[in-house]
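Thanks for sharing this one. Here are my notes, set out as numbered points to read alongside the model.

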Amino acid sequence: MFVLELTYTAPVERVDALMAEHITWLDEQYAAGVFIASGRKNPRDGGVILAAGEDRAAIEKIAAADPFAAHGVCAYRITEFIATKTAPALAPYRQQLP
């Protein structure tokens, strides 16, 4: 499991200009079963995405394809964790410790 933290590196106006492309990219990752949740940070200086997966390189490739990243308006911080406990609705995403 991964937490992707986006921090804007450009004015919000540049971010907003790419929002439709970013949402299309998000929708593709939800349809592929990679993303579980996402949203803006408050205050609005970036966003957070919760992603399922075990391959960090694959998640990094997905993040690099985000129009925000491709156009240089955000930086990503990716944190991997083992989801050993979840809400009942997220039980399919539970992981075992190695």
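Does Thr86 count as buried or exposed? Let me start there and then widen the view.

1. Thr86 counts as buried because its relative accessibility is 19%; buried means under 20% relative accessible area, exposed over 50% and partly exposed in between, with a 1.4 Å probe and protein chains only. You will find Thr86 in the segment after strand 4.

2. Before going further, a word on the basis of these notes. This is a predicted model, where local features need pLDDT of at least 70 and side-chain atom pairs count only at pLDDT 80 or more, while totals for chains, interfaces and linings use all residues. Residues are numbered from 1 along each chain as its sequence is written, and side-chain values use heavy atoms, leaving out hydrogens and water.

3. Back to Thr86 and its polar partners. Its side chain and that of Arg94 are joined by a polar contact of 2.8 Å. A polar atom of the Thr86 side chain also lies 3.4 Å from the backbone oxygen of Leu90. A polar contact here is a pair of N or O atoms within 3.5 Å; within protein, one must be able to donate a hydrogen and the other to accept it, and residues adjacent in sequence count only if both atoms are side-chain atoms. Leaving aside residues up to four places away in sequence, Thr86 touches Ala91 and Arg94, contact meaning heavy atoms within 4.5 Å.

4. Now the sheet. It is open, with 4 strands in the order 2-3-1-4 and antiparallel pairing. Its edge strands, strand 2 (35-40) and strand 4 (74-80), each pair on one side only. Strands are DSSP runs (E, at least two residues), as are helices (H or I, at least four), numbered from the N terminus; two strands pair if DSSP finds at least two bridges between them. Strand 1 (residues 2-8) pairs with strand 4 over 7 bridges, and Val3 has Thr79 as its bridge partner in strand 4.

5. Helix 3 (residues 56-64) lies across strand 1, strand 2, strand 3 and strand 4, running at about 160° to strand 4. Axes are lines fitted to C-alpha atoms, for helices over the stretch in contact, and angles run from 0 to 180 degrees between N-to-C directions.

6. Finally, the largest nonpolar core has 21 residues, and those with the most contacts inside it include Leu4, Phe35 and Ala51. Such a core is a set of buried Ala, Val, Leu, Ile, Met, Phe, Trp, Tyr and Cys residues joined through side-chain atoms within 4.5 Å. Strand 1 gives this core its largest share, 4 residues.
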